[in-house]
Structure formats: structure tokens, C-alpha cells
Amino acid sequence: MVDRAVDTFAWMSKMGVSISHYAASEMLDLLIDSDRIDVILENYEEMCKGLGVYEFVFNSFLKRGEVEKGLNFHRALVERGLVPKIVDCNKILKGLCMGNQIGVASDFFDMMVRSGPSPNLVTFSTLINVYCKELRLDEAFSLYNLMIEKGIVPDLVIYSILINGLFRAGKLEEGNSLFSMALARGVKMDVVIFSSIMDAYVRVGDLGKAIEVYTRMLKEGISPNVVTYSILINGLCRNGRVLEACGVFGQILKQGLEPSVLTYSSLIDGFCKSENLRDGFGLYGIMLRKGHVPDVVVCSMLINGLSRQGMMDEALRFFFQAVKRGLTLNNYLFNALIDGCFRLKRTRDGLKMYILMGMYKVIPDVVTYTVLVRGLAEQGRLDEALALFFQLLKKGFSPDHIIYCTLIDGFCKKRDPATGLQIFKLMQSNGIFPDICIYNVLINMFFREGCVENVLELLREIIKYGLEPDIVTYNTMICGYCSLKIFSKAIKLFEVLKCGRTQPNAITFTILIDAYCKDGRMDDAMLIFSSMLERGPEPNILTYSCLIDGYFKTENTESAFELYEKMLGDRVSPNIVSYSILIDGLCKKGLMEEASLAFQCAIGRHLLPDVIAYGILIRGYCKVGRLAEAMMLYDHMLVNGIMPDDLLQKALAEYGFQDSQAKNCVLN
């Protein structure tokens, strides 16, 4: 049957009878199915008159997974002197690359180099492109060198592919060198490659280099497009240069270009990070009026901006408005909302958003669970945090260091080291290698329990696994030794730290100062403080607060006030803690007018007194018999939504204010 079909085909060709594309295709399929490639080879030139035989046959073999037969077919044609057209070979090569059959594509290319047809610019660019996408840069550059050997001059496309490949692989210097070489060779680069290079530098945080490339582009006479401007705006905003980014945005509008969603989102992100929500939402409004649909990234930026400024009600309202407008929801948006709620201690709202994810069929990811576990653990709700953690494991997620560290730290703070250590062992059994942060938490736990030997064992483990102690490690250990009153070891470690690569910071000095102050060793504390003033780092509000508190406790009121004046002179702004220390010292001396004035000064500086500040002043009034003023201040505290703690309630009870009736009697 096959032979008759071939004879009929030959007769029709000889007689000049036209053969339809369909009939020729059917006959080729029949010959391939019958493994009669010899017939195709014998009648190849006749068959090619109405059909792309080469491409048809080669693709048929590829579809069947018979790659070797396709290569043999190509080889047989070349041996017969029937070299296929390079255009057809390039189509085959492109198909192989698109089908991710890179090995076959490479073999096919090698065959073309050996037996023909000779690869052209398109052939090289096709294979170089796929190598660069796979970050197989050595092979890509091997082809590039072969091109040059064969006298084929690389064009803009080749250079763009190679430069992008180098930048994607993080080889910025090599990419920039190749870019400069291409320009030196007279290759006319376009706005796309310039923008791509700028973007690569912005992503690694090198705005200076990105601006250099932008300046070079202008010198080359190439006009920036909206993508170029958007990349520049993104880089400027990332570096906090929002005002300059606004100037670039103005250039876009001046040139009559239409800003893209990326342009708007970059600038909105800059406004939100610089706490300029007014302009951020103003730009969001312009987006809507221009017909742009803000994506989930833009909405997340605004929600994060609101939650960072404590405006969670506005963030939730904005979220539901965006949902009404048809916003496509995803994990990123919900994670931002849940994180904001937990950061502002709105646990119930955070858990509601988690439930809402299920209602909107958004599946929680590992970040969602991390935010939930961290939020619950930080509020002491460790049982719920642990339940979510095991739910995470059950669903097949792999928790990272952050979740393990959060849970271990939570149980350590709850004085439950046994559970903390069990989680540590579970982490190790799950193949998660502990980082220095987790070891810092464990060191802190053992110091709290007074287990110095266990701390030393952990240090040996840290060295064994090649981890390097960071400043937190040193500060935790110095603090631990101080808490156990082993000052000699704390100072010894402090001296070691000063001689090493990691230098002590303000926290290190403050830990030692605080420890000496609590032990009544004010001269030693002042020696450390003097060292800070001479060599740095600069003392902060906490450093001053510890010293002032120490002087008050050793009844050296004069030195306490002198240090307070020095703090103000050094432009260190007091916080509510430092005011509380000052008020407490004044109250203990019976200087209630001065204590009241300090309290009012704190309010005047827009500092919100907490239960500790109120409690100190209320107890001070009670001790000097000014009970009416004490209860007026207590009322003021309740009106401001601050509830008394156990210490304040106990103090009030001592003066007979156990219920509201007793309080009213005194006030009347």
C-alpha cells in the first residue's frame, strides 16, 4: 500500500498534477509510521515542492520522543547533499528550546556546526538565550566566542541576552564590562537594555551605579521611557530620596508619558515609608481617576503604612473598600493586615482576618503562620501559638528559623525552659540548623535559670558548628553575668569584645552601667559612662535613665539633677521612662510640686503616661497625705483608659481606698 501511494505520488508529480497539502501530509505520516524514511529521502526534492518536508518530519519524530531518529534524518539529508535551509533548522532549534529540551538542542547545534547548514546570528542567539535563562553562562559565552571565531558579528540582541544573563547571576561587574565593550564596538544599545541594567543595580541597592547608567543613556542620545523613569523612581524611594523621585514623576507628566502601575506603586511605597500617607493616598486617588486598577501590592503598601502609624481602623476600612472594588486578594495582603493587627495588640482582629482568608478561599502560607505564631507568642498565648505551629507542620509546611526562635523565646520568657528545649530538639530533628539568633535565646534562658555551665556548653556548640557570635550574643552574656552578680566575668567579656572585630554598642555599655547602678556602685558606673563620652558610642536615653535612677536610689539627688540637665544639654529627648524615674526620685524626697510639674512636662511633650508613671505620682501624693489629689489623678488615669496594676491597687488599699464608696468619701 505504501509503495503504491509513493508510485502514485511520483506519477502525479511527473505529470504536473497538483497535490494538496493535506494529501502530502497524510502520505508523510504514513511513511513515518511505516519507518520508510528511505522513501522520503529518495523523493525529498519532489516532496519539498508543496510542503516543508524537513520541518514536518523532524517535528514528527520529536513529538514521538524519537529524537535520535530526527537527528539521523538531518544527517542523512546532509550526506546526500540535501542541506536543509538554515531558517528551517532555526525553527527546529527554537522549538527544542521552548520545549526545554536543551540537551537535544545542543546536540542539534553541534551537528549543524559539523555538517551544516552553517549557524547564523539567529541560531546563536536562540541557544545563547536559553543558556542564559538557565544561568549556564560558561556555555553561553563559549557560543559567543565561537560566533566571533566564525566571523559572525554579535548584534544588540546577543549583547542584551548576555548582559541580562550576567546581571541575573549577580555578576554585575562582568555585565557592566560587557556593556561598556559593546558600546565601544559601536553597538547601538536601546532603552530596554539600559533600563534592564539600571533595574539590576537598583535591586542590589546601588543607586549610584544606576544613575551612572541613566546618565550614560542620555549621553548616547537615547530617550528614557516610562519603564526607565519608574526604575529610577523606585531606586530613589528605596534610598529615602522621595522628593527627587517626585521630580522624576513630574518629568514623566511633562513629557506626556502615561505613568504605569509600577510608577505609581514605587512612589506610593516611598511616601508610605517616609510616613507621608497623605501624599500616598493622594497618588492612589489619581491612579483611580486615571483608570488604573491598583494591584494587591499597592494596597498592601498603603495598609502597611496605616498600620505602622497605628491607624488600624483606617487600614481595615481601606481593605474592605478595595475588596468592594474587585481587588484580587492574596496571602501578601492578608499577611500585612494580620501583622498590623498583632503589632497593635489587636489580637481579635488579627484572628478574624485569618478566618476571613478561608472565607475568601485564600490559602494561608508559611508567612501567615509565622505572623500568627509570633503575634500570639508575644502576647503570652503560647498554647494557641503552639497549636498553630503543629497545624503548620500537619499541612506540610517547613517552618523557618523565625517560628522556632519565636516559640523557644516565648517559652523561655514564661520560665518554661523544658518546652523551649523540646522545640529546639524538634527543630534539629526536622533538619533545621540553628542560627545564632536561636542560640542567643537559649543562652538568655540558661542565664535566667542560673545554669552557667549550660551556657558554656552552648558556646562550645556554636564554635563547633562554625557560627560566629554577634553583638547580641555578647550583650546577652554580659547581661547574664551581671544578673548573677559575676561582674568579673562580665568585665572580662567586655574587654574581649573591645579588642575584637565586633565592637561594643550603646546597649553593651548601658547593661554594665545599669548593673553597677543597681548594685550601688555609682563610681564604677560613671567610669563606664565617661568611657562612652570619650570614645563612643553616644549614650542614649536608657543610659541616662539608668544613671539618674542609680543616683536617686543612692540618695544623691544633686548628681541626679546634674545628669538630667546634661542629658537635655546633649539633646537627648527624655521618654516616659526617664520622666517616671525623675518623678519617683522627687516623690521619695517629698518634692510633690516638682514631681507634679515633671508629670505635666511629660504630657506637654506629647508623651503618654503609663500605669507606672501614674502609680508613682499617686503613691507619692498618698504618702504625704494629699489624698484628694491622689484620687483626682487616679480618676484622670481611668478616663484615659489606663487600668491600675496590682502594685497600684495594693497601694490604694493601704490607704483605705478599696472601693468607689471610700474614694467618694475622701473626695467629699
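**Exercise 1. A ring pair with two environments**

Task: At 30% relative accessibility, is Phe561 buried, exposed or partly exposed?

Solution.
Step 1. Take the value: Phe561 has 30% relative accessibility.
Step 2. Recall the cut-offs: buried is under 20% and exposed is over 50%.
Step 3. Phe561 therefore counts as partly exposed.
Step 4. Turn to Phe552. Its relative accessibility is 10%, so Phe552 counts as buried.
Step 5. Now join the two. Phe552 and Phe561 form an edge-to-face aromatic pair, with 5.9 Å from centre to centre and 85° between the planes.

**Exercise 2. How far to trust the model**

Task: What average pLDDT does the protein chain have, and where does the pLDDT fall below 50?

Solution.
Step 1. This is a predicted model.
Step 2. The protein chain averages a pLDDT of 87. Of the residues, 92% score at least 70.
Step 3. Over residues 659-668 the pLDDT is below 50. Beyond near neighbours in sequence, that stretch has 13 contacts in the model.
Step 4. Where pLDDT is low, predicted coordinates should not be read in detail.

**Exercise 3. One side of a helix**

Task: Which residues of α24 are buried, and why do they lie on the same side?

Solution.
Step 1. Place the helix. α24 covers residues 382-394, which is 13 residues. From first C-alpha to last it reaches 18 Å, close to the expected 18 Å.
Step 2. List the buried residues: Leu382, Ala385, Leu386, Leu388, Phe389 and Leu392.
Step 3. These residues cover an arc of only 160° around the axis, which puts them on the same side of α24.
Step 4. Link this to helix geometry. An α-helix has 3.6 residues a turn, so residues three or four places apart point the same way.
Step 5. Look at the face turned away from the buried side. It carries the exposed residues Asp383 and Lys394.
Step 6. Find the partners. The buried residues of α24 pack against α22, α23, α25 and α26.
Step 7. Check what follows. After α24 comes Gly396, with a positive phi near 90°.

**Exercise 4. Another helix to describe**

Task: Which residues of α18 are buried, and what covers them?

Solution.
Step 1. α18 spans residues 277-289 and has 13 residues. Its reach is 18 Å, close to the 18 Å expected.
Step 2. Its buried residues are Leu277, Gly280, Leu283, Tyr284, Gly285 and Met287.
Step 3. The cover includes α16, α17, α19 and α20.
Step 4. Gly291 follows α18, and its phi is positive, near 90°.

**Exercise 5. Into the core**

Task: Which members of the largest nonpolar core touch the most other members?

Solution.
Step 1. The largest nonpolar core has 217 residues.
Step 2. Phe108, Ile128, Met189 and Phe319 touch the most other members.
Step 3. Helix α27 (residues 436-448) gives the most to this core, with nine residues.
Step 4. Zoom in on Phe108. Leaving aside neighbours within four places in sequence, its contacts are Tyr54, Phe58, Leu71, His74, Cys89, Ile92, Leu93 and Leu96.
Step 5. Phe319 also belongs to a ring cluster: ring pairs link Phe319, Phe320, Phe334 and Tyr360.

**Exercise 6. From α8 to α9**

Task: What does the pair of Phe109 and Phe124 tie together?

Solution.
Step 1. The structure holds 24 aromatic pairs.
Step 2. Phe109 and Phe124 form one that is edge-to-face, 5.3 Å centre to centre, with 75° between the planes.
Step 3. Phe109 lies in α8 (residues 102-115) and Phe124 in α9 (residues 121-133), so the pair ties together parts 15 residues apart in sequence.
Step 4. Both Phe109 and Phe124 are buried.
Step 5. Look at the loop between α8 and α9, where Pro117 lies. A cis peptide bond joins Gly116 and Pro117, with omega about -5°.

**Exercise 7. Loop backbones**

Task: Where do Pro537, Lys361 and Glu555 lie?

Solution.
Step 1. Pro537 lies in the loop between α32 and α33. The peptide bond from Gly536 to Pro537 is cis, with omega near 0°.
Step 2. Lys361 lies in the loop between α22 and α23. Its phi is positive, near 60°, and it is a residue other than glycine. With a relative accessible area of 73%, Lys361 is exposed.
Step 3. Glu555 lies in the loop between α33 and α34. It has a positive phi of about 60° although it is not a glycine. At 63% relative accessibility, Glu555 counts as exposed.

Terms used:
Residues numbered from 1 in each chain as written. Predicted model: local features only at pLDDT ≥ 70, side-chain atom pairs only at ≥ 80, totals over all residues. Heavy atoms only, no water. Helix = DSSP H or I, 4+ residues; strand = E, 2+ residues; numbered from the N terminus. Expected span 1.5 Å × (residues − 1). Buried < 20%, exposed > 50% of the residue type's maximum accessible area, 1.4 Å probe, protein only. Arc of directions from axis to C-beta. Contact = heavy atoms within 4.5 Å. Core = buried A, V, L, I, M, F, W, Y, C linked by side-chain atoms within 4.5 Å. pLDDT = per-residue confidence, 0-100. Phe/Tyr/Trp six-rings, centres within 6.5 Å; stacked < 30°, edge-to-face > 60°.
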